[in-house]
Amino acid sequence: MRWSRYFLHTLREVPADADVISQKLMMRAGLIRKVAAGIYTYLPLGLRSIKKMEAIVREEMNRAGATELLMPAIQPAELWMESGRWQKYGRELLRIKDRHDRDFVFGPTHEEVITDTVRDTINSYRQLPINLYQIQTKFRDEVRPRFGLMRGREFIMKDAYSFHSSRESLDETYEGMRQAYGRVFRRCALDHVPVEADTGNIGGSASHEFMVLAQSGEDAVVSCPSCKYGANVEKATSKFFDDEVGPAPADAIRHIDTPGTQSIDDVAKFLGTKTSELVKTLIFDTDLGAVMVLVRGDREGNEVKIKNHLGAQWLEMLPDARFEEATGAPVGYCGPVGTKCARVLADYSLRNRGSWIVGGNAKDRHTANVVPGRDFPEPEYSDFTTVLAGDACPRCGTVLEIYRGIEVGHIFKLGTKYSESMNCVYLDESGERKPMIMGCYGLGIGRTVASAIEQSHDADGIIWPMPIAPFEVVVTAVGKDEAVVRTATEVYETLLAAGIDVLFDDRDERPGVKFKDADLVGFPLRIAVGAKSLANGQIEWSWRRDRAKQLGEPAAVTAQVIDFVKAGRQQGT
Ligand code: ATP
Ligand code: MG
């Protein structure tokens with residue numbers, strides 16, 4: 001490809017609304033262009049990386065025994081009503097109507113369509129297991145689309161779905177997919193970790209997320225340096241604190257005046273105690289009504305754990321304006337004794353505590369000597385708090401660490417959630433009808449490419465890992481000297497003939513501009529042909545990663561570069 005005729009236009013300015021480095025670089029290097037919030041055009045250069053990423057995923061899926069198909073982006077609402085997600089999915093689901101006023105959705109995911117396909121096609125245990133995948137455009141009306149391809153509304157995902165007649169068979173495919181994901185991310189040179197994850201909206205029994213470690217990550221990953229326990233912070237647990245055991249007091253509850261102490265820190269200061277000795281009251285608004293959650297004063301409530309425990313469809317902090325009406329207490333002074341909240345939950349860490357200090361349900365008042373079961377009904381105990389760095393690993397007790405991560409892949413053991421609601425059954429050996437056991441496996445194509453940039457760049461631009469570089473080599477003609485143009489063209493054509501993805505920078509631009517652009521776009525290898533070295537029969541080449549320039553005869557440099565590219569393509573395989 002000749003740059004002069006290619007559609008590649010770099011930007012000098014950093015786009016004003018770009019927040020993370022990968023988004024800035026993808027826009028500046030001419031890979032993507034924003035059309036609307038969370039909706040992008042993949043420009044020719046960006047599309048090349050996307051296609052390479054897809055090819056890697058395709059190879060690894062095929063190798064893992066999955067078969068490719070392509071389902072429609074637009075899906076009839078009836079299927080979503082059958083699974084129950086027409087009601088449950090919420091506002092991320094883009095609902096559309098056709099000219100006959102019939103309801104459709106633009107697929108955010110494809111469990112419904114694949115389950116419908118398989119139930120109509122397969123009826124015997126002999127036809128199982130099967131594993132089907134597609135690479136396709138999804139739409140999710142994200143609340144906050146941002147970070148470019150990282151959290152778009154329209155984005156490309158590889159999604160696979162497996163169907164089984166036994167748990168063991170699901171376990172086997174799940175493990176194969178877990179390994180396939182590892183290979184995909186290694187091939188893109190991504191520093192990643194698989195972690196235990198919450199199963200969220202999709203439901204199911206077990207799930208792992210593949211996290212690329214990066215400061216810009218929207219997720220937090222809890223990790224044990226010793227036993228390799230790893231989990232999304234939404235789901236992670238730590239060893240429970242059993243050091244709080246104390247005798248229940250014989251004394252009755254006692255009110256304490258605590259004027260002007262709305263926050264837990266104020267109360268601790270006022271009473272001269274540590275926040276960990278107090279009980280913090282959190283009030284959430286949910287589709288099941290207002291719910292009270294009690295946690296140790298120094299811990300944060302974990303909304304995902306609380307929502308899962310309740311089986312609620314949505315959950316958010318109760319707004320101040322509705323606080324008194326829902327709880328009977330002023331903001332800052334709410335507690336469990338005599339509360340209006342119908343459900344009271346308490347974190348495990350409070351289970352053995354003898355007496356509690358809690359909000360007194362009146363302005364400027366707290367209550368001490370509170371005993372659960374005596375002064376208010378026994379709460380529902382479970383794990384409702386978020387793990388903090390420094391907590392002990394639930395498996396081995398080592399001090400846990402917390403990192404930022406980008407979720408690039410997510411695999412689930414779905415079980416029979418969809419096969420039951422949608423009647424996707426098979427006949428087993430004894431002729432009995434049973435729901436198929438399912439797994440599903442998602443991988444964000446654009447998000448993975450963006451993560452690779454997030455992990456591999458410098459102040460001047462992208463440093464592509466060879467396997468997903470839009471072009472592997474740039475040949476830069478420095479100046480318009482006839483010998484320069486002739487040699488550069490020969491080098492370019494030799495590389496092309498050898499099957500190398502090469503861009504020939506034949507533009508009528510100053511050398512400085514060409515080199516700046518080459519650094520910004522991040523071609524892994526660069527060959528520069530200039531009059532000065534050519535006078536000695538030499539051309540220059542360098543790796544983008546260190547830019548150390550080396551000289552050699554054109555034929556030798558070309559042969560060397562071809563070898564480097566071929567070796568680089570094999571990276572991580
Ligand atoms: P997140 O928690 O980041 O919203 P998710 O749990 O909703 O992700 P899944 O439903 O598991 O994501 O989708 C599978 C994969 O699709 C994700 O691992 C991610 O790589 C990709 N993905 C999900 N949402 C987006 C998005 N809005 N933009 C780009 N890629 C996405
Ligand atoms: Mg999501």
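Two strands count as paired when DSSP finds at least two bridges between them. With that in hand, the pairing in this predicted model is easy to follow around strand 17. Strand 15 (residues 289-296) and strand 17 run parallel and share four bridges, with Val293 standing opposite Leu345 of strand 17. Strand 17 also pairs with strand 20 (residues 380-382), again in the parallel sense, this time through three bridges. Here Ala346 sits opposite Tyr381 of strand 20. Strand 17 itself, spanning residues 343-347, is mostly tucked away, with four of its five residues buried.

Stepping back to the whole chain, the protein has 15 helices and 31 strands. Its C-alpha atoms fit in a box of roughly 100 × 65 × 50 Å along the principal axes. Of the 573 residues, 53% are buried. Contacts often link parts of the chain that are far apart in sequence: among contacts with a separation of 6 or more, 70% are between residues 24 or more positions apart. The accessible surface adds up to about 25,000 Å², and carbon and sulfur atoms account for 49% of that surface. As for charge, there are 73 positive and 81 negative side chains, and the centres of these two sets lie 3 Å apart.

Next comes a three-stranded sheet. This sheet is open, its strands follow the order 13-19-18, and the pairing is antiparallel. Strand 13 (254-257) and strand 18 (356-359) each have a single partner strand, so each is an edge strand with one side lacking a neighbour in the sheet. On average, neighbouring strands of this sheet are turned by 30 degrees against each other, ignoring direction. Strand 18 is joined to strand 19 (residues 365-370) by three bridges, and the two run antiparallel. One of the pairings puts Trp356 together with Val370 of strand 19.

The loop between strand 18 and strand 19 holds Asp364. Asp364 is not a glycine, yet its phi is positive, at about 55 degrees. Its relative accessible area is 23%, so Asp364 counts as partly exposed. Asn423 gives another case of a positive phi outside glycine, with a value near 55 degrees. This residue belongs to the loop between helix 10 (417-421) and strand 22 (425-427). With a relative accessible area of 45%, Asn423 is partly exposed too.

Two other loops deserve a look. In the loop between helix 5 (111-119) and strand 7 (130-139) sits Pro129, and the peptide bond joining Leu128 and Pro129 is cis, with omega at about 0 degrees. Ser276, meanwhile, is found in the loop between helix 7 (264-271) and strand 14 (279-286). Is Ser276 buried or exposed? The cut-off for buried is under 20% relative accessible area, and Ser276 has 16% relative accessibility, so it counts as buried. Setting aside neighbours within four places in sequence, the contacts of Ser276 are Arg296, Gly297, Asp298 and Arg353. Trp314 lies 38 residues away from Ser276 in sequence, and their C-alpha atoms are 29 Å apart in space.

Further along the chain there is a sheet of five strands. Its order is 28-27-29-30-31, the sheet is open and the pairing is mixed. Which strands stand at the edges? They are strand 28 (502-505) and strand 31 (550-552); each has a single partner strand, so one side of each is left without a neighbour in the sheet. The average turn between neighbouring strands of this sheet, with direction ignored, is 25 degrees. Strand 30 (residues 539-543) and strand 31 run antiparallel and are joined by three bridges, and Ile539 stands opposite Gly552 of strand 31.

Two helices pack on this five-stranded sheet. Helix 12 (residues 482-497) touches strand 27 (473-478), strand 28, strand 29 (525-530) and strand 30, and its direction makes about 170 degrees with that of strand 27. Helix 15 (residues 554-569) touches strand 27, strand 29, strand 30 and strand 31, and its direction makes about 20 degrees with that of strand 30.

Methods
Residues numbered from 1 in each chain as written. Chains lettered and ligands numbered in written order. Predicted model: local features only at pLDDT ≥ 70, side-chain atom pairs only at ≥ 80, totals over all residues. Heavy atoms only, no water. Buried < 20%, exposed > 50% of the residue type's maximum accessible area, 1.4 Å probe, protein only. Contact = heavy atoms within 4.5 Å. Areas by Shrake-Rupley, 256 points an atom, 1.4 Å probe, with all protein chains shown as cover. Lys, Arg positive; Asp, Glu negative; His and termini not counted. Charge placed at Lys NZ, Arg CZ, Asp CG, Glu CD. Axes fitted to C-alpha atoms, helices over the stretch in contact; angles between N-to-C directions.
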